[in-house]
Each structure stands twice: as structure tokens, then as C-alpha cells.
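Q: Please take me through this structure. I would like to begin with how its elements are defined and then ask about particular places.

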Amino acid sequence: MDGWDKPVGSSVGAMMSKDNGSTPTSPLVNRSCADLKCYMVLFEVEKKAISSICFLAGPFTFLENALVLGVIAATAALRQRPSYLFIGSLALADVFASCFFTTSFLDFHLFHRLDGPIAYLFKLGGVTMAFTGSVGSLLLTALDRYLCIHQASRYKVVLTRRRALLALLALWSSTILISFLPLMGWRCPTGLSPPCSWLFPYIDHRYLACWVSFILVLLSLILGAYALILWRANRHEASMTGLQGASTSGQARMRLDIRLARTLGLILLIMVGCWLPTLSFMLADVLVQLTHAQQRAFAFCSTMCLVNSAVNPLLYALRCRELRVALMRLLRGLSEGLGCCQRHVGGDSTTTLPLGEGNSCSAHSESEVPRLVSCRPNTVSEMVGKKQLDITGK
């Protein structure tokens, strides 16, 4: 394969490894890389399959997350709430992921662009920033739901808009710093040769290990937050059933617990299923030397992170009643505005668009969506909303 600088006798070593029944990675122990072609290991069939995923998931991810950002930006009531600020941060990170990952991945594996270290590390830093910001925003969303359940009576005091903005500032500042550390100098000292990563050119194994550990910590905190949410909901439902002492309450509690467990299970299954294979290959890259087959498998698994960014708006944003109401209100206002302009051009001035009502998405949201303590956009919270109104303190 072009780009590989194989030592003398590598073919003999490969034959000896087959005869001795050793692992197929043994002839690759002394391999070194001459240029970026070492990392372009996809076959034509694999290129078509993975590029199809990127061409489909990339634009879809961009459009749906841009829609979420547009609705939140256009609705004053949503912009004032910490929960929607976190959802907007998640949507922004996924917009970045759809742009940086799709273009960089296709540019490298499909079009075989041979960038220099600075250009490549800048592109990789953008991808890292997008996915790190996405996981960090998922953690803030999970913590927001945790506070909504565990601090229902004090939620507005504990999580103010100012504190939410400070949390987002800390998140994105640390994300940008961590993502562009290789560009700022923390890169492999040997260029493309070992002990550099066999998954990412110019990346030092120590940096890769630190980043994977950081993401695993964030994912563990997310899992812990949702586990505490489920425990708190079950505990509260059990106490309510004991106070009421009705059989119907037990049946309702069972239905509520099942719905909550299914929702949390779906969220965690998608998140872990999309991220665990990719992180596993990264950890393996730190510990052992990967084969070409493992590099190709990692290329496919990495697209699952993009799929996770495509699914996030469906799980966290578009399932929120208030955001859907604001979206329909905004679309209705746009359609009525177009109709008003057409009637004005046609000379009909008897019917006008009620600007105060048509543009007031917040008034519509406040009056028509369910009242859930103060964290309305969380579908997990909506499941226990009616019971949670009875909470007067811990």
C-alpha cells in the first residue's frame, strides 16, 4: 500500500507469524508511516457505504439542529430559561459536528486530501470541539433534569439564567482549550511514526488517552444523573402511593415508572451505543498497535457519533411540548405574515395579522403548555410533573 515504509523481511515475518499461529498484528510491529496515505485504509465499497451515511446524516443533522437553534433564538421566553440554553448549546455543538465532521471525514477518506500538520490538526480540533461540546451539553442537560427532580421547590433559585450562562461559558472555554491542544503543540514528537496514534495523524497517545478519559468521565456523570433521577422518581411515587393507599395509584405508579424507565433507557442506549465503540477503539489505539481492519472498523464507528448528533434533537428538543408549541406558533406567524402581504398587494386591507398575538410565542407557551415546576422542556420531568407539584420540599 502506498505510504507504508515496510522494513526488510516484513513479508517473511508475516509468513512466520501465520506458521506459528500468532496474531496477525505481529508483522506490523515495526511499521512506520511516510505520509497521510497510511491512514487512508478504506476500500471502495467501504468508502461508498460510509460516505452515504455522511451525505445523509450530515445535512439532516445540520437542518434539524439549526431549526432548534432558530426556534430558541426567535422565542424570548425560551431564551430566558436555563433548560433551553442547555438544549441550544447541544444543538449548536451538533451543528458544528455536522459541518466539521462531515467535511473533514469525506475530505480525508473519500477525496484523499493530504493536508499539512497545521491544516489537519485545525480540522481535527474542530471535530473534537464539536463532539466534546455535545457530550458536555448532554451532561448539563442531565444535571438540569436532576435538579428539577431533586430540588423541585428550589429549582429557580438554584439554577438561575446567570448560572446557566456561566456554566456554558466554562464548558465551551474548556472544550476549545482541550480540542486545540494538539494544534498548540501537544502533538506526536515523531511526526507520523510510532508511537503516534494509528487512528489520527500527528496525535500523541497521551493526549488521546486524556481525551478519552475525559469523555468517559462525562458519560459516567450522565449515567449517574439519570440513575438518580429514576431513583428519586420511584421513591416519590412510592411515598405518594403510601399516602393515598389506593389501588389505582399503584397502577398509575407502575405505568409512570415504566414510561420513565423506557425513556431513560432509550436515551442511555442511544448515547452509549453510539459512543462506546468509538471510545473502545481509541483506548485500544493507546494500548496496542491497530491493524488495517481495525482502522477501517473505527472509521465506520466514528460515523455513529454523527448519528448521535442527528438523534439528539429528537430526544431532547423536538419532544419538548413548549418548543413544539413555539415552533408551530412561529410557522403560523410566518404563514399569516405571508398571507397578510399577499392580501395587501391584492388591495384587501380589511384583515390584518394580529402582531401582538402572532409574534408572542412566549405568551402562547406560558398559557397552553403544562406547568412543570420550572423546567418545562424536559420530557423526563414531564412524566413526573403532576406528582411533582405535590412536593413541598425534601
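A: A helix here is a DSSP run of H or I with at least four residues, a strand is a run of E with at least two, and both are numbered from the N terminus. Please note also that this is a predicted model.

Q: With that settled, how much of residues 84-106 is helix, and how much is strand?
A: The span is 100% helix and 0% strand. Its end C-alpha atoms lie 32 Å apart.

Q: What does the UniProt record say about that stretch?
A: The unreviewed UniProt entry annotates residues 84-106 as "transmembrane region". The same annotation covers residues 49-72, 118-143, 164-186, 206-231, 263-284 and 296-318.

Q: What are the helix and strand shares over residues 164-186?
A: Over residues 164-186 the chain is 70% helix and 0% strand. The end C-alpha atoms of this span are 31 Å apart.

Q: Let us turn to α7. How far does it reach?
A: Helix α7 comprises residues 161-179, 19 residues in total, and reaches 27 Å from its first C-alpha to its last. That is close to the 27 Å expected at 1.5 Å a residue.

Q: Which of its residues are buried?
A: The buried residues of α7 are Ala164, Leu168, Leu171, Trp172, Thr175, Ile178 and Ser179. Viewed down the axis of α7, these buried residues fall within an arc of 130°, so they line one face of the helix.

Q: Why would such a spacing put residues on one side?
A: An α-helix has 3.6 residues a turn, so residues three or four places apart point the same way.

Q: And which exposed residues are on the face turned away from the buried side of α7?
A: That face carries the exposed residues Arg162 and Leu169.

Q: What about the span of α2?
A: Helix α2, residues 44-74, has 31 residues and reaches 44 Å from its first C-alpha to its last. The expected value at 1.5 Å a residue is 45 Å, and the reach is close to it.

Q: Which residues are buried there?
A: The buried residues of α2 include Lys47, Glu64 and Asn65, as well as Ile50, Cys54 and Val71.

Q: Where is phenylalanine 62, and how accessible is it?
A: Phenylalanine 62 is in helix α2. It is partly exposed, with a relative accessible area of 36%. The C-alpha atoms of phenylalanine 62 and serine 98 are separated by 5.6 Å, although these residues are 36 apart along the chain.

Q: You listed Val71 as buried in α2. Which residue is 255 residues from valine 71 along the chain, with its C-alpha 6.9 Å away?
A: That residue is alanine 326. Alanine 326 lies in helix α11, residues 321-346, and counts as buried at 1% relative accessibility.

Q: Changing topic: how many cavities of 30 Å³ or more are there?
A: The count comes to 4 cavities. The largest cavity holds about 620 Å³ of space. Of the 36 residues that line the largest cavity, Tyr120, Leu124, Val127, Phe200 and Phe298 are the closest to its centre.

Q: Which helices contribute at least two residues to that lining?
A: They are α4, α5, α8, α9 and α10. Of the lining of the largest cavity, α5 gives the most, with 8 residues.

Q: How do the lining residues divide by chemical class?
A: The lining of the largest cavity divides into 24 nonpolar, 8 polar and 4 charged residues.

Q: Which residues outside glycine have a positive phi?
A: Histidine 112 is one of them, with a phi of about 55°, and tyrosine 202 has a phi of about 70°. Histidine 112 is in the loop between α4 and α5 and is partly exposed, with a relative accessible area of 34%. Tyrosine 202 is in the loop between α7 and α8.

Q: Is tyrosine 202 buried or exposed?
A: Tyrosine 202 counts as buried because its relative accessibility is 11%, below the 20% cut-off.

Q: Finally, how far apart are the C-alpha atoms of isoleucine 267 and tyrosine 316?
A: They are separated by 9.0 Å, with their positions 49 residues apart along the chain. Isoleucine 267 is in helix α9 and is buried at 1% relative accessibility.

Q: And glutamine 295: where is it, and is it buried or exposed?
A: Glutamine 295 is in helix α10 and counts as buried at 4% relative accessibility. Its C-alpha is 8.4 Å from that of phenylalanine 281, and the two are 14 residues apart in sequence.

Notes
Residues are numbered from 1 along each chain as its sequence is written. This is a predicted model: local features need pLDDT of at least 70, side-chain atom pairs count only at pLDDT 80 or more; totals for chains, interfaces and linings use all residues. Side-chain values use heavy atoms; hydrogens and water are left out. The expected span of a helix is 1.5 Å times one less than its number of residues. Buried means under 20% relative accessible area, exposed over 50%, partly exposed in between (1.4 Å probe, protein chains only). The arc is that of the directions from the helix axis to the C-beta atoms. On a 1 Å grid over the protein atoms alone, a cavity is a set of points where a 1.4 Å probe fits but cannot get out, and a pocket is an open set with protein on both sides within 12 Å along at least five of seven lines; lining residues have an atom within 4 Å of a point. Grid points are joined across faces, edges and corners, and a volume is the space filled by probe spheres set on the points. Ala, Val, Leu, Ile, Met, Phe, Trp, Tyr, Cys and Pro count as nonpolar, Asp, Glu, Lys and Arg as charged, and the others, Gly among them, as polar. UniProt positions are given in the numbering used here, feature names are shortened, and annotations may be inferred rather than shown by experiment.
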